[in-house]
Amino acid sequence: MDAQYDFCYQNLLLGMNVIQAAYQAGITKLINLASSCAYPKNAENPIKESQLLQGLPEPTNQGYAIAKATVAHLTTCIALQYGLQYKTYIPCNLYGYWDNYDANNSHFIAAIIKKIHRALEEQQANVVIWGDGNPRREVLFTEDLADFILFSLQNFSNIPNIINVGSGIDCTINEYYQIIAKVLDYKGTFSHDLTKPNGIKQKLMDISKLKALGWQPKTSLEACIRKAYKFYIKEALGCSTV
């Protein structure tokens, strides 16, 4: 929100340079990772790939979203113009190993893990959720995204030029707090700060193209949260046990 220019400019440069350098080097196959943030704010859920560039993205991350949508469009253009297999995979919200747990700009699953872990450490009886907690979000463990990328390499010619990569399931923010509290064994309560923004009401992607390829995530949400938490304890906090 505070660095719209930086996010737009830097991500555009990164994406355009990678594509152009690959083309100049004679690379005929390329995977570009985009973001579901690139879809329009008012896109109909579940969001189909055809809705890309059909409206303005969420204003809070518009710079990043425009950059990601532009680079995705470039892969389509270069594929059509030069007959190359340059493809864009659009993951939903990701979490997992090496996640961002920064206090100011962490991803939302990482932020919940960190907040509830801190509540456990400080014996807080209550954890505050921003907004009313009713917006719905779809998440995917990074290990599952990596699995799909490896799967796609064996079926590359069958992969559409642009394809959503997600779980096909969304939960409310409140539900994610409850699930993570269960995994971390937090017994406290939750309250809501209604002065904080809710964000987009829902962001669930259509994964019908993904299913048609015969791929789906291999691990459950709770199992993935447990893996992410153990990694957070070991790597971010430097502890050997949970």
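## A first look around this predicted chain

Let us start at Tyr-95: setting aside neighbours within four places in sequence, Tyr-95 is in contact with Ile-109, Val-139, Leu-140, Phe-141, Thr-142, Leu-221, Cys-224, Ile-225 and Ala-228, where contact means heavy atoms within 4.5 Å. This is a predicted model, in which local features need pLDDT of at least 70 and side-chain atom pairs count only at pLDDT 80 or more, while totals for chains, interfaces and linings use all residues. Residues are numbered from 1 along each chain as its sequence is written, and side-chain values use heavy atoms, with hydrogens and water left out.

Tyr-95 also belongs to the largest nonpolar core, which has 28 residues. A nonpolar core is a set of buried Ala, Val, Leu, Ile, Met, Phe, Trp, Tyr and Cys residues joined through side-chain atoms within 4.5 Å; buried means under 20% relative accessible area, exposed over 50%, and partly exposed in between (1.4 Å probe, protein chains only). The residues with the most contacts inside this core include Ile-113, Tyr-177 and Phe-190. Two or more core residues come from each of α3 (108–121), β4 (126–130), β5 (136–141), α5 (173–184) and α7 (221–236), and α5 gives the largest share, seven residues. Another core, of 23 residues, lies apart from it, with Ala-43, Leu-145, Val-165 and Met-205 among its members. In soluble globular proteins, nonpolar side chains tend to be buried together.

Now for the chain as a whole. Its secondary structure comes to seven helices and nine strands; these are DSSP runs numbered from the N terminus, with helices being H or I of at least four residues and strands E of at least two. The C-alpha trace spans about 60 × 35 × 30 Å along its principal axes. Buried residues make up 43% of the 242 residues. Among contacts between residues at least 6 apart in sequence, 83% join residues at least 24 apart.

Several individual residues are worth a visit, and the table shows how far each is covered.

| Residue | Place | Relative accessibility and class |
|---|---|---|
| Ser-35 | loop between β1 (29–33) and α2 (62–82) | 9%, buried |
| Asn-45 | loop between β1 and α2 | 23%, partly exposed |
| Trp-98 | loop between β3 (93–95) and α3 | 66%, exposed |
| Asp-185 | loop between α5 and β8 (189–193) | 47%, partly exposed |
| Asp-2 | segment before α1 (4–24) | 82%, exposed |

Leaving aside neighbours within four places in sequence, Ser-35 touches Tyr-64, Lys-68, Ile-90 and Pro-91. With the same kind of neighbours set aside, Asn-45 is in contact with Gln-202, Lys-203 and Leu-204. The C-alpha atoms of Asn-45 and Ala-22 are 34 Å apart, with their positions 23 residues apart along the chain. Asp-2 and Thr-60 are 58 residues apart in sequence, and their C-alpha atoms are separated by 8.7 Å.

Which bond joins Asn-45 and Pro-46? It is a cis peptide bond, with omega about -10°. Pro-46 is found in the loop between β1 and α2. Two residues other than glycine deserve a look for their backbone angles: Trp-98 has a positive phi near 60°, and Asp-185 has a positive phi near 60°. Most residues other than glycine have a negative phi, and most peptide bonds are trans.
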